[in-house]
Amino acid sequence: MPDISKKPIIVHPGDIVQITDPAHKWFPALVVISEPRSWGAQGFVFVVKNDAKAGEAYIRLMNGCFERCGTCVMVSPDMDRDRRNSMESAAALAAEAGR
């Protein structure tokens, strides 16, 4: 069960998180964040079949069941744009809140 008493972790598209909830069926997978949400984040893992990328499997992660552990070095142009926009929005919100 996710520990929802924990302060939500700020993540952005392209961040890498690890599922930390042992009860989660994908524990302890590493997930690339595609979309931060108020309740947590949506992300994906790459699916490999016969030594080739077969696609992505998407997952929604609730706050309290993951920890940020890094950032992708290479991302698509769309994800790079989304990441920059997300970081600018977070900085603006923090400035408004006086942080």
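**Exercise 1. Work out how much surface the chain exposes and how much of the chain is buried.**

Step 1: The chain exposes about 6700 Å², an accessible area from the Shrake-Rupley method with a 1.4 Å probe. Carbon and sulfur atoms supply 56% of this area.

Step 2: Keep in mind that this is a predicted model, in which local features need pLDDT of at least 70 and side-chain atom pairs count only at pLDDT 80 or more, while totals for chains, interfaces and linings use all residues. Residues are numbered from 1 along each chain as its sequence is written, and side-chain values use heavy atoms, with hydrogens and water left out.

Step 3: Of the 99 residues in the chain, 31% are buried (under 20% relative accessible area, 1.4 Å probe, protein chains only).

**Exercise 2. Trace the order of the helix and strands along the chain.**

Step 1: Count the elements: there are 1 helix and 5 strands. These are DSSP runs, with helices (H or I) of at least four residues and strands (E) of at least two, numbered from the N terminus.

Step 2: Read from the N terminus on, and you get β-β-β-β-β-α.

Step 3: For the overall dimensions, the C-alpha atoms fill a box of roughly 50 × 35 × 15 Å along the principal axes.

**Exercise 3. Describe the largest pocket and its lining.**

Step 1: Start with the volume, about 460 Å³. A pocket is an open set of points on a 1 Å grid over the protein atoms alone, where a 1.4 Å probe fits and protein lies on both sides within 12 Å along at least five of seven lines; lining residues have an atom within 4 Å of a point.

Step 2: Of the 17 lining residues, Ile9, Ile10, Val11, Ala90 and Leu93 are the closest to the centre of the largest pocket.

Step 3: Strand 2 (30-37) and helix 1 (77-96) each supply at least two lining residues. Helix 1 gives the most, with 5 residues.

Step 4: Sort the lining by class: 8 nonpolar, 6 polar and 3 charged. Here Ala, Val, Leu, Ile, Met, Phe, Trp, Tyr, Cys and Pro count as nonpolar, Asp, Glu, Lys and Arg as charged, and the others, Gly among them, as polar.

**Exercise 4. Do the sorting again for the second largest pocket.**

Step 1: The second largest pocket holds about 160 Å³ of space.

Step 2: Its lining includes Val32, Phe44, Tyr58 and Met79.

Step 3: Strand 4 (52-62) gives the most to this lining, with 3 residues.

Step 4: By class, you should find 8 nonpolar, 2 polar and 2 charged residues.

Conventions. Points joined across faces, edges and corners; volume = space filled by probe spheres on them. Buried < 20%, exposed > 50% of the residue type's maximum accessible area, 1.4 Å probe, protein only.
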